[in-house]
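Work through these short exercises with the structure in view. Try each task before reading its solution.

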Amino acid sequence: MPKYYVRDGVEKAIVDADTELEACVKCVLFFFNSFVVNGFFVISERGFQEHEEDKVYSSSMILDYISEKQKNRKKDGDSS
């Protein structure tokens, strides 16, 4: 499982996840103490410095992803 460096301009964390998106969601749900509205998250496999290949996700995209996953869980009968 790859290691990702995730930062939002205020907080940062290093997490293991299968994808950049999952790493970002993991940080938002379990490690970060705040959520930047109209902000963005930068995800890298190389460190916290800027790299050309870093992925950037908007906070609204992350919220939509979390909401959709939660909706699908409820639909499938999973209450967690």
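**Exercise 1: Contacts and core**

Task: list what Phe 41 touches, leaving out residues up to four places away in sequence.

Solution. This is a predicted model. Phe 41 touches Arg 7, Asp 8, Cys 24, Val 28, Phe 32, Phe 35, Lys 55, Val 56, Tyr 57, Ser 59 and Ile 62. Next, turn to the largest nonpolar core, which has 16 residues. Phe 41 is among the members that touch the most others, along with Val 6, Ile 43 and Ile 62. Two or more core residues come from each of β1, β2, α1 and β3. The largest share, six residues, is from α1.

**Exercise 2: A residue of α1**

Task: decide whether Phe 30 is buried or exposed.

Solution. First, place Phe 30: helix α1 holds it. Then apply the cut-off: exposed means over 50% relative accessible area. Phe 30 has 63% relative accessibility, so Phe 30 counts as exposed. Finally, look at its neighbours: Leu 29, Phe 30 and Phe 31 make a nonpolar surface patch of about 350 Å².

**Exercise 3: Salt bridges**

Task: find the salt bridge partner of Arg 7 and place both residues.

Solution. The structure has three salt bridges. Arg 7 pairs with Asp 54, with 3.9 Å between the closest N and O atoms. Arg 7 sits in strand β1, and Asp 54 in the loop between β3 and β4. They are 47 residues apart, so the pair links distant parts of the chain. Now check exposure. Arg 7 is partly exposed because its relative accessibility is 22%. Asp 54 is at 15%, so Asp 54 counts as buried.

Notes
Residues are numbered from 1 along each chain as its sequence is written. This is a predicted model: local features need pLDDT of at least 70, side-chain atom pairs count only at pLDDT 80 or more; totals for chains, interfaces and linings use all residues. Side-chain values use heavy atoms; hydrogens and water are left out. A nonpolar core is a set of buried Ala, Val, Leu, Ile, Met, Phe, Trp, Tyr and Cys residues joined through side-chain atoms within 4.5 Å. Buried means under 20% relative accessible area, exposed over 50%, partly exposed in between (1.4 Å probe, protein chains only). Helices (H or I, at least four residues) and strands (E, at least two) are DSSP runs, numbered from the N terminus. Contact means heavy atoms within 4.5 Å. Patches are made of residues with over 30% relative accessible area and no salt bridge: like charges are joined within 9 Å, nonpolar side chains (Val, Leu, Ile, Met, Phe, Trp, Tyr) within 5 Å. Accessible areas come from the Shrake-Rupley method with a 1.4 Å probe; for residues, only the protein chains shown count as cover. A salt bridge is a side-chain nitrogen of Lys or Arg within 4 Å of a carboxyl oxygen of Asp or Glu.
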